[in-house]
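Subject: Structure handover

Hi,

Here is the structure I promised to pass on. Please open it and keep it in view while you read my notes below.

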Amino acid sequence: MDPGFRRSDGWVGGSRPSIALTAQSGLGTVAVMHETILSPMQLALAEAEAAAARGEVPVGAVVVSATGVVLAAAGNRTEADHDPSAHAEMLALRAAARRLGSPRLTGCDLYVTLEPCAMCAQAISFARIRRLYFGARDPKGGGVEHGARVFAQPTCHHRPEVYGGMEEGKAAEMLRSFFKDRR
Ligand SMILES: [Zn+2]
């Protein structure tokens with residue numbers, strides 16, 4: 001088990017209150033993990049795994065508040081919701097915004113298992129996410145380090161700090177095995 005990590009503001013990955021709050025979000029299909037302690041990226045990976053089990057592309061996302069509380073966790077639901085915009089990031093951003101009662105998630109961080117597409121990157125900018133942590137890089141569909149490179153455009157008015165490649169191996173392996181099983 002990854003021991004989690006400590007950020008400069010003192011937040012320690014995977015506190016118990018985070019898990020409890022996630023269970024209340026009603027969005028995540030991840031069962032309450034009893035005493036298991038997960039970092040936000042591990043929680044996002046668990047959401048991705050749950051998405052794969054539902055037949056969705058395995059991507060998971062988690063929004064964490066400035067004080068380290070998990071506000072929302074979600075996995076892809078494009079098939080289940082018949083919604084091309086129901087990417088994990090979109091669902092997590094919407095749920096977190098509803099929870100805070102504001103379209104702006106100032107100071108919040110987003111963790112996602114895969115490099116966001118251009119749509120999600122733009123929504124991340126609109127939401128004023130402080131830091132974006134993503135797992136696997138996505139040369140085919142990504143919009144952060146590839147393709148549209150949304151945050152690098154002059155039309156982008158809020159750029160989060162971006163940290164790519166977190167738990168990259170696990171996130172990429174999950175996607176590989178999902179698409180292999182479908183062929
Ligand atoms: Zn997306």
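Start with strands β1 (residues 60-64) and β2 (residues 70-75). They pair in the antiparallel sense, over five bridges. This is a predicted model, so treat what follows as a reading of a prediction. One pair to find by eye: Val63 has Ala72 of β2 as its bridge partner. The two strands form a hairpin with five residues between them. Look there for Gly68, which takes a positive phi near 90°.

Now stay with β1 and look at its surroundings. Is β1 mostly covered or mostly open? It is mostly covered, with five of its five residues buried. Both faces are covered. Gly60, Val62 and Val64 lie on one side, and Ala61 and Val63 on the other.

β1 has a second partner, strand β3 (residues 109-114). Four bridges join β1 and β3, and the pair runs antiparallel. Ala61 stands opposite Val112 of β3. β3 is mostly covered too: six of its six residues are buried.

Next, move from β3 to β4 (residues 131-136). Which way do β3 and β4 run, parallel or antiparallel? They run parallel, joined by five bridges. Asp109 stands opposite Arg131 in β4. To get from β3 to β4, the chain passes through helix α5 (residues 118-126). This β-α-β crossover is right-handed.

β4 also pairs with β5, in the parallel sense and over four bridges. Here Phe134 stands opposite Gly164 of β5.

Put the pairs together. The result is an open sheet of five strands, in the order β2-β1-β3-β4-β5, with mixed pairing. β2 and β5 (161-164) are the edge strands, and each pairs on one side only. From one strand to the next, the twist averages 15°. A general point helps here: strands of a sheet pair through backbone hydrogen bonds, either parallel or antiparallel.

Two helices to check against the sheet:

- Helix α4 (residues 88-100) packs on the sheet and touches β1, β2 and β3. The direction of α4 makes about 150° with that of β2.
- Helix α6 (residues 168-182) lies across β3 and β4. It runs at about 55° to β4.

Now zoom out to the whole chain. How many helices and strands does the secondary structure come to? Six helices and five strands. Along the sequence, the pattern is α-α-β-β-α-α-β-α-β-β-α. The chain has 183 residues, and 44% of them count as buried. Take the contacts with a separation of 6 or more: 58% of them come from residues 24 or more positions apart.

Last, a word on confidence. The mean pLDDT of the chain is 85, and 80% of its residues reach 70 or more. Residues 1-35 are another matter: over this stretch the pLDDT is below 50. The stretch still has 49 contacts in the model beyond near neighbours in sequence. Where pLDDT is low, the predicted coordinates should not be read in detail.

Best wishes

Definitions and conventions:
Residues are numbered from 1 along each chain as its sequence is written. This is a predicted model: local features need pLDDT of at least 70, side-chain atom pairs count only at pLDDT 80 or more; totals for chains, interfaces and linings use all residues. A residue is buried if 20 or more other C-beta atoms lie within 10 Å of its own, exposed if 12 or fewer, and partly exposed in between; C-beta atoms are placed from the backbone. Two strands pair if DSSP finds at least two bridges between them. pLDDT is the predictor's confidence in each residue, from 0 to 100. Two residues are in contact if their C-beta atoms, placed from the backbone, lie within 7 Å. Axes are lines fitted to C-alpha atoms, for helices over the stretch in contact, and angles run from 0 to 180 degrees between N-to-C directions. A crossover is right-handed if, with the strands pointing away from the viewer, the path from the first strand over the helix to the second runs clockwise.
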